[in-house]
Amino acid sequence: MPNKLRLGIPKGSLQDATIALFERAGWRIYANGRSYFPSIDDPEIECMLIRAQEMARYVEKGVLDAGLTGIDWVVESALDVKSVTSLTYSKQSRQKVRWVLAVPEDSHFQKAEDLAGKTIATELVEVSKRYFAEKKVPVKVEFSWGATEVKPPTLADAIVEVTETGSSLRANRLRIIDTIMESETHLIANCASYQDAWKKHKIDSIALMLNAAISAQGQVGLMMNAMKRSLPGILDVLPALNSPTVSALSDPEWVALNTILEEGVVREVVPKLKAAGATGIVEYPLNKVVL
């Protein structure tokens with residue numbers, strides 16, 4: 001029987017971003033709207049769509065060998081899984097998300113201690129309970145099934161909610177008074193599966209390629225030619241990821257340079273390179289950067 005890796009893909013808000021990341025990393029995942037078992041163009045992987053909140057449970061049980069979920073849900077569950085790598089991406093950005101304590105903007109609450117005896121609504125119940133317990137603030141933490149932002153002040157006095165930009169909280173007239181934790185996506189593995197040599201190699205390979213795809217985001221490659229005498233001035237201009245690669249050409253007086261830049265600085269760098277003596281400047285996209 002051929003080796004198979006059972007991989008959990010987060011269903012919901014992270015689903016599209018995760019599938020897009022896998023595509024940049026070299027795997028095409030095809031998710032049918034009605035099926036929880038998307039196909040993938042790798043015969044060694046079987047995918048299953050699982051809610052991020054439940055991923056750690058099924059990975060710990062061994063139903064899945066590995067899966068992608070927020071580290072917040074791993075901490076919330078307190079389950080024994082192996083975190084293979086962090087992957088900083090989310091549904092809107094390449095930044096970590098925050099679980100924040102938020103209150104109505106016109107309320108008198110300024111800090112967690114002001115909420116003593118109050119009701120807090122959240123999906124992140126256990127983490128929130130530990131947060132208030134550490135501060136010795138007695139509150140009632142209630143599980144929220146969704147639409148948490150609309151609950152204060154009628155259904156709850158405050159909420160603990162996840163946010164990327166804070167725009168949804170502001171739209172619901174809520175004010176952040178503290179950050180409880182930051183979170184990002186992690187590739188997690190079943191502890192026994194990660195001890196299996198073949199599965200460990202496959203999981204580590206996935207981690208490597210996903211990180212390479214993330215590293216390439218927002219970066220581009222630049223290649224150019226220059227006369228050797230212009231090289232010092234050109235090197236002064238280049239803010240390279242590492243030292244630029246300099247290669248000899250058939251004409252001993254000329255060299256070729258190859259480097260990686262943040263896409264946002266290219267418009268400023270290229271005119272400076274031209275002025276420093278670079279010619280034949282070509283910008284090209286990057287799919288993966290293996291660090």
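Q: In what order do the 5 strands of the open sheet lie?
A: In this predicted model, the sheet is open and its pairing is mixed. Its edge strands, S9 (140-143) and S11 (174-183), each pair on one side only. From one strand to the next the twist averages 25°. The order is S9-S8-S10-S7-S11.

Q: Which residue in S10 stands opposite Ala 121?
A: Strands of a sheet pair through backbone hydrogen bonds, either parallel or antiparallel. Strand S8 (residues 119-122) and strand S10 (residues 158-163) run parallel and are joined by 3 bridges. The residue opposite Ala 121 is Ile 159.

Q: Is Ile 45 buried or exposed?
A: Ile 45 is found in strand S4 (residues 45-51). Its relative accessibility is 4%, and the limit for a buried residue is under 20%. Ile 45 therefore counts as buried.

Q: How far apart in space are the C-alpha atoms of Ile 45 and Leu 5?
A: Leaving aside residues up to four places away in sequence, Ile 45 touches Leu 5, Leu 7, Trp 27, Ile 40, Lys 202 and Ile 206. Of these contacts, Lys 202 and Ile 206 are also among the buried residues of H6. In sequence, Ile 45 and Leu 5 are 40 residues apart. In space, their C-alpha atoms are separated by 4.8 Å.

Q: What distance between the end C-alpha atoms of helix H6 is found, and what span should its 20 residues have?
A: Helix H6 covers residues 197-216, and the expected rise is 1.5 Å a residue. Its 20 residues should therefore span 28 Å, which agrees with the distance found between the end C-alpha atoms, 29 Å.

Q: Which residue has the backbone nitrogen that a side-chain oxygen of Asp 196 reaches at the start of H6?
A: H6 is followed by Gly 218, whose phi is positive, near 80°. At the start of H6, the side-chain oxygen of Asp 196 comes to within 3.1 Å of a backbone nitrogen. That nitrogen belongs to Trp 198.

Q: What kind of aromatic pair do Phe 22 and Trp 27 form?
A: The count of aromatic pairs comes to 4. The ring centres of Phe 22 and Trp 27 are 6.0 Å apart and the planes stand at 65°, while the edge-to-face class requires over 60 degrees. Both Phe 22 and Trp 27 are buried. The pair is therefore edge-to-face.

Q: How many residues apart in sequence are the parts that the pair of Trp 73 and Trp 99 ties together?
A: Trp 73 and Trp 99 form an edge-to-face pair, 5.6 Å centre to centre with 85° between the planes. Both Trp 73 and Trp 99 are buried. Because Trp 73 lies in helix H3 (residues 71-77) and Trp 99 in strand S7 (residues 97-104), the pair ties together parts whose separation in sequence is 26 residues.

Notes
Residues numbered from 1 in each chain as written. Predicted model: local features only at pLDDT ≥ 70, side-chain atom pairs only at ≥ 80, totals over all residues. Heavy atoms only, no water. Helix = DSSP H or I, 4+ residues; strand = E, 2+ residues; numbered from the N terminus. Expected span 1.5 Å × (residues − 1). Buried < 20%, exposed > 50% of the residue type's maximum accessible area, 1.4 Å probe, protein only. Polar contact = N/O pair within 3.5 Å; in protein donor to acceptor, adjacent residues only side chain to side chain. Pairing = 2+ DSSP bridges. Axes fitted to C-alpha atoms, helices over the stretch in contact; angles between N-to-C directions. Contact = heavy atoms within 4.5 Å. Phe/Tyr/Trp six-rings, centres within 6.5 Å; stacked < 30°, edge-to-face > 60°.
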